[in-house]
Amino acid sequence: MANKKLTIIYTNDLHTMIDGFGKIAAYIDEEKSKADNFLYLDAGDISSGNPVVDLHQGRPIVELLNQMDLFAMAIGNHDFDYGQECFEINRKLSDFPWLGANIAVKDHQIPIQQPDPYHIFRFRDLTVGVVSVTETPPSTMTKSIEGLEFLDPLETLRKHLALRNEVDVLIALTHVGVAIDRMIAEQLEGYDLIIGGHSHSIVELEVVNGTPIVNGGAYGQVVGHLEIHYNPASHKVDKINNEFIPIESLEVVKAEIQSQVEDYFNKNSAFLQEAIATTNGLSIENLDETDAPLGNFWTDALRHGTKADIALTNNGGIRTPIYPETITRHQIYRTAPFRNQMVVFEMSGEAIAEVIRHSYTKGQRIDLQTSGLEYTIITDEEGHLLDLDLFLHGDKLDPKRLYQVVINDYIAYGGDGYHFRGK
């Protein structure tokens, strides 16, 4: 009995970068026309990054992916960024399912309805099951995930192994990062393939404990192309091939898709390209090791705008440098795509020290840019934290004194594990 072949085109972490969608759409159409069995899957985070899309809360990329015949998408952490109402609006607008097996709606008064955990695709002579899990808890605004519970990805995928009895090929479409993908593969057998996202990693084909893992970078710079050979006699996948297709190498463009992309850009061009300032450049070089020019500028602005004593912002919220010459609104939205609001806390010096301690120990790197506060992390030779030096205007921070501290609402309400103890 001859092997059955399944072709899968996949993307992940597109982050609203729709510029190359005309080429991606043409490639999908070409490969689909040649395939016996075909899927186009996305491993999550279609949201947040391109102001042309973000200004419309993600609607343009959903409309484009509908026309590109996306079969299914894993829910990524940033797909909650626009808030719960927009999440549900975009999900209902989609012609493809948003999958999240480890997402449980606990408060049925919130706009978000229970996502499907998996989808089974039935071809003429082949059935394919796709189970999805997302980062737990998701790195997004806390208010965007209120009323939701996020279950352990490993145990969730273990629970859904029962699908093996219903399908020929079983795929985990994950948005947890390649390190967690590897852990899942090490501890769980039964999935034929893990297609991953979240960590923006390029993993061409890595086999862990017999389970192949792929991950296609980010921002639509490449398209993943998988060929899966299923042996109906043994009821097993005999072979998997994967290659990455750089978008810049593609020449054929689907005109109607590219025309729609250009229309989105043209409609927002006047607003986004308006000059609002000039600069000699604001770098984010060595952001994880020390303060950076853009970090200084950013937190100075927060502190100036609120008259707080101290301003802090997390490195993860600063996405791109601001280049020399004219600053446009487009540059600002690219640098700060998450629509954060400012929150002012009244905190003791002791509570501020706890925050700085957490900022370093969670990843053994600098994570908070600052204005007003000057801080030094003191470590041993292996990088473990030994002590902190904290100063405000040259004076040592008083553990008992109260200070006004302005931060963004992502870290204010628990993002990245932060806890700001104060009023």
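This passage looks at one small set of strands and two pockets in a predicted model.

Start with the sheet. Three strands make up an open sheet, lined up as β20-β21-β22, and their pairing is antiparallel. At the edges sit β20 (373-379) and β22 (395-396), and each of these pairs on one side only. Strand β21 covers residues 385-392 and is joined to β20 by seven bridges, with the two running antiparallel. To pick out one spot along this pairing, Ile-377 stands opposite Leu-388 in β21. A helix comes into the picture here too: α10, made of residues 349-361, lies across β20 and β21, and runs at about 135 degrees to β21.

Now for the pockets. The largest pocket holds about 520 Å³ of space. It is lined by 24 residues, and the ones closest to its centre are Ser-139, Gly-316, Arg-319, Tyr-410 and Asp-416. Sorted by class, that lining has 13 polar, eight charged and three nonpolar residues.

The second largest pocket comes in at about 430 Å³. Its lining counts 19 residues, with Trp-298, Leu-302, Ile-332, Ala-336 and Asn-340 closest to the centre. Two helices, α8 (293-306) and α9 (329-335), each supply at least two residues of this lining. Helix α8 gives the most, with five residues. As for the mix of classes, the lining of the second largest pocket has twelve nonpolar residues, along with five polar and two charged ones.

Technical notes
Residues numbered from 1 in each chain as written. Predicted model: local features only at pLDDT ≥ 70, side-chain atom pairs only at ≥ 80, totals over all residues. Heavy atoms only, no water. Pairing = 2+ DSSP bridges. Helix = DSSP H or I, 4+ residues; strand = E, 2+ residues; numbered from the N terminus. Contact = heavy atoms within 4.5 Å. Axes fitted to C-alpha atoms, helices over the stretch in contact; angles between N-to-C directions. 1 Å grid on protein atoms, 1.4 Å probe; cavity = no way out; pocket = protein on both sides within 12 Å on 5 of 7 lines; lining within 4 Å. Points joined across faces, edges and corners; volume = space filled by probe spheres on them. Nonpolar A, V, L, I, M, F, W, Y, C, P; charged D, E, K, R; others polar.
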